[in-house]
Amino acid sequence: MELPDSKVYGLLFEINEAYDIETIRKKEGYPNYYEEIQVTVKCEDKDISNVKTYKVVKGTREISHQKPTTYYMELILKNARINEFPAEYIRCL
């Protein structure tokens, strides 16, 4: 469910598309489980367009919330702390 004025914190990585994209696609389960989509990210005082991210493929999507694996959740929390995401946001995770 999307809430108005809600925020999602994350990290952006600049990659060498010719070299790194296949490794990322493999880790993301592309194209069977996740599809690539282009989004615009609000980053401090500017918008960054043409950012590639991944979204669950409709045929594999569950009706209810899909929990991340324990490994992935630990990775998210670790990087949220390292990169000093807001404490309230980390608690919500």
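R25 lies in helix 1, and that is where these exercises on a predicted model start.

**Exercise 1. Decide whether R25 is buried or exposed, and list what it touches.**

Step 1: look at the relative accessible area, which is 18% for R25. The cut-off for buried is under 20%, so R25 counts as buried.

Step 2: skip the neighbours within four places in sequence and see what is left. R25 is then in contact with Y30, E36, K52 and Y54.

Step 3: pick out a polar partner. The side chains of R25 and E36 make a polar contact at 2.6 Å.

**Exercise 2. Move over to E36 and work out which element holds it and which side chains it pairs with.**

Step 1: find E36 along the chain. It sits in strand 1, which covers residues 34–43.

Step 2: take the polar contacts. The E36 side chain has one to the side chain of R25 at 2.6 Å, and another to the side chain of Y54 at 2.9 Å.

Step 3: widen the view to contacts in general, again without neighbours within four places. For E36 the list reads I21, R25, Y30, K52, T53 and Y54. Y30, K52 and Y54 also turn up in the list for R25.

**Exercise 3. Lay out the fold in order and say how confident the predictor is about its parts.**

Step 1: count the elements. You should get three helices and two strands.

Step 2: read them off along the sequence, and the pattern is α-β-β-α-α.

Step 3: check confidence. The average pLDDT is 87, and 92% of the residues score at least 70. Helix 1 (residues 17–28) has the lowest confidence, with a mean of 89, while helix 2 (residues 70–82) has the highest, at 94. Keep one habit in mind: where pLDDT is low, don't read the predicted coordinates in detail.

**Exercise 4. Look at both ends of helix 1 and describe the backbone there.**

Step 1: go to the start. A side-chain oxygen of N16 comes within 3.1 Å of the backbone nitrogen of A18.

Step 2: go to the other end. G29 follows helix 1, and its phi is positive, near 70°.

Step 3: carry on to P31, in the loop between helix 1 and strand 1. The peptide bond from Y30 to P31 is cis, with omega near 0°.

**Exercise 5. Find residues other than glycine with a positive phi, and say where they sit.**

Step 1: recall the background. Most residues other than glycine have a negative phi, and most peptide bonds are trans.

Step 2: take E44, where phi is positive at about 55°. It belongs to the loop between strand 1 and strand 2. With a relative accessible area of 82%, E44 is exposed.

Step 3: take E84, with a positive phi near 55°. This residue is in the loop between helix 2 and helix 3 (87–92). Its relative accessibility is 69%, and since exposed means over 50%, E84 counts as exposed.

**Exercise 6. Compare sequence separation with distance in space for two pairs.**

Step 1: start with Q66 and R25. They are 41 residues apart along the chain, and their C-alpha atoms are separated by 20 Å. Q66 sits in the loop between strand 2 and helix 2 and is partly exposed, at 31%.

Step 2: now try N50 and Y9. This pair is 41 residues apart in sequence too, with 18 Å between the C-alpha atoms.

Step 3: place N50. It is in strand 2 (residues 46–56), and a relative accessible area of 63% makes it exposed. Leaving out residues up to four places away in sequence, N50 touches Q38 and V39.

**Exercise 7. Give the overall numbers: what are the span, the buried share and the charge tally?**

Step 1: the C-alpha trace spans about 35 × 35 × 25 Å along its principal axes.

Step 2: of the 93 residues, 14% are buried. The chain exposes about 8,600 Å², with carbon and sulfur atoms supplying 52% of that.

Step 3: tally the charged side chains. There are 14 positive and 16 negative ones, and the centres of the two sets lie 4 Å apart.

Step 4: finish with the contacts. Among those between residues at least 6 apart in sequence, 34% join residues at least 24 apart.

Conventions
Residues are numbered from 1 along each chain as its sequence is written. This is a predicted model: local features need pLDDT of at least 70, side-chain atom pairs count only at pLDDT 80 or more; totals for chains, interfaces and linings use all residues. Side-chain values use heavy atoms; hydrogens and water are left out. Helices (H or I, at least four residues) and strands (E, at least two) are DSSP runs, numbered from the N terminus. Buried means under 20% relative accessible area, exposed over 50%, partly exposed in between (1.4 Å probe, protein chains only). Contact means heavy atoms within 4.5 Å. Accessible areas come from the Shrake-Rupley method with a 1.4 Å probe; for residues, only the protein chains shown count as cover. Lys and Arg count as positive and Asp and Glu as negative; His and the chain ends are not counted. The place of a charge is taken as NZ of Lys, CZ of Arg, CG of Asp or CD of Glu. pLDDT is the predictor's confidence in each residue, from 0 to 100. A polar contact is a pair of N or O atoms within 3.5 Å; within protein, one must be able to donate a hydrogen and the other to accept it, and residues adjacent in sequence count only if both atoms are side-chain atoms.
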